[in-house]
Amino acid sequence: MTGDEGLAEAERVELTVGAVAPGGHCVARVAGQVVFVRHALPGERVVAEITEVHRGFVRADAVTVLTAAPERVEPPCPYAKPGRCGGCDLQHVSPEAQLTWKAGVIREQLTRLGGLTDGELDALGIQVEALPGGSLGWRSRVRYTVDGAGRAGLLKHRSYEVVPIDRCRIAHPAIQQLPLLGPVRWPDADAVESVASTGGDVTVTAVADGTVRPVSGPERVHEEAVGRRWALPPSAFWQVHPAAADTLVNAVLAQLDPQPGETAWDLYGGAGLFAAALAERVGVTGRVTLVEAAGAGVAAARQNLRDLPQVGIVSGRVAPVLERGRRVAPVDLVVLDPPRSGAGARAVRAVAAAGARAVAYVACDPAAFARDVRGFTELGWRLAALRGFDLFPMTQHVELVGLLLPPASPRQRPSDA
């Protein structure tokens, strides 16, 4: 298979690597054709092997480094290399440079998709902050895919091919110690999922044809965050970095500065992490409405927030619930924490029309965040503050917390940023 300029899959080319791009890539050019290169760093001279050919661009892996960047390090995992596990994108990059890499991606997405100017981006002072605990051993939820021989492993980049491994270096130590890999076989499973909670629980479940079967550990795991203990099924959503929940809540509260008696919405609220923190701030004279579509999240929220009478829980998709308007009261503050695909135009319009004094947008994908920021700015809102957090070290993923203010709002106070 060849591309517009004759490049073919498995062909090797020598090139100079350019700027970072989303997805763990850097951008390069060969004979005028765009090449998205993994396992490389800006400024390096590498030999790259073409892995995919598309109309207008190709993908490649840097297989030989001819001139290395100062930020290059030896990957701590032997599987984080071309043609092997695709779970970690940046193990060849020093921890400090990973933060700079991700800040660059955020800025590029807000420019290209969000429509922000260089001046607006400079005013935000975009940085990505590291979390405590280091770059390895942080991932508290790991899903291994099972191959045709019954071996559990991780997938190659952009592939369904399973790479058998001895252990995952970014997995929580309790998960690394579980007998799930190597000679162990899973003949009746499509995947094996493991959880090591902040409350000390360790569980393993097997998945086959969409059915989840408990293997070991309790039926419910306990997480500790915002001064509370949470109980939820192992399959329910929870942040995978042990420090993530408190980090994100603290950032949201600093930006919104909730006051006693105010009303707040926690949209895409899951088990109620932000709702609980907001409820403590607005008090019994205030009101918090959590909106969540997933049944497991609604059930977990109702169980875990039952001691907070100022919290109401609405089961449903965010945009239709807000558009109906009958199930949510007028609002002062909004926490918007959508899935990776973003909130979307309908939800953005509904939130913007609600009259809130401030919105804290929690995002796990810079591109989706940038698109929604453009939606808010086209309605007269502005992105007044932004913080990035490295919740996923060694990978290309990054978490954002942005403060959006309505048209008539004054400049944010220093404490809001």
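Among contacts in the protein between residues at least 6 apart in sequence, what percentage join residues at least 24 apart? The figure is 60%. The points below concern a predicted model.

1. Overall dimensions. The radius of gyration of the protein is 23 Å, which agrees with the value near 22 Å that a compact globule of 417 residues would have. Taken along the principal axes, the C-alpha atoms fill a box of roughly 65 × 55 × 35 Å.

2. Composition and burial. Nine helices and 22 strands are assigned in the protein. Of the 417 residues, 54% are buried.

3. Surface and charge. The protein has an accessible surface of about 17900 Å², and carbon and sulfur atoms account for 52% of this area. There are 43 positive and 45 negative charges, and the mean positions of the two sets lie 4 Å apart.

4. Strand E14. This strand spans residues 221-225. Val221, Glu223 and Ala225 form its covered face, whereas His222 and Glu224 form the uncovered one. In a regular strand, side chains alternate between the two faces of the sheet. The covered face thus includes an acidic residue, Glu223, alongside Val221 and Ala225.

5. The E14-E15 hairpin. Strand E15 comprises residues 228-232 and runs antiparallel to E14, to which five bridges join it. Glu224, on the uncovered face of E14, has Arg229 of E15 as its bridge partner. Two residues lie between the strands of this hairpin, and Val226 takes a positive phi near 45°.

6. Pro42 and its surroundings. Pro42 lies in the loop between strand E4 (33-38) and strand E5 (45-54). Its relative accessibility is 35%, so Pro42 counts as partly exposed, given that this class lies between the 20% limit for buried and the 50% limit for exposed. Leaving aside residues up to four places away in sequence, Pro42 touches Val17, Gly18, Ala19, Val20, Cys26, Ala69 and Trp101. Pro42 and Trp101 are separated by 59 residues in sequence, while their C-alpha atoms are 9.5 Å apart in space.

7. Helix H8. Within H8 (residues 345-352), the residues Ala347, Val348, Ala350, Val351 and Ala352 are buried. In an α-helix, with 3.6 residues a turn, residues three or four places apart point the same way. The buried residues of H8 pack against three strands and two helices: strand E16 (263-267), strand E19 (333-336), strand E20 (358-363), helix H7 (318-324) and helix H9 (366-378).

Conventions. Residues are numbered from 1 along each chain as its sequence is written. This is a predicted model: local features need pLDDT of at least 70, side-chain atom pairs count only at pLDDT 80 or more; totals for chains, interfaces and linings use all residues. Side-chain values use heavy atoms; hydrogens and water are left out. Buried means under 20% relative accessible area, exposed over 50%, partly exposed in between (1.4 Å probe, protein chains only). Helices (H or I, at least four residues) and strands (E, at least two) are DSSP runs, numbered from the N terminus. Two strands pair if DSSP finds at least two bridges between them. The radius of gyration is taken over C-alpha atoms; the globule rule is 2.2 Å times the number of residues to the power 0.38. Contact means heavy atoms within 4.5 Å. Accessible areas come from the Shrake-Rupley method with a 1.4 Å probe; for residues, only the protein chains shown count as cover. The place of a charge is taken as NZ of Lys, CZ of Arg, CG of Asp or CD of Glu.
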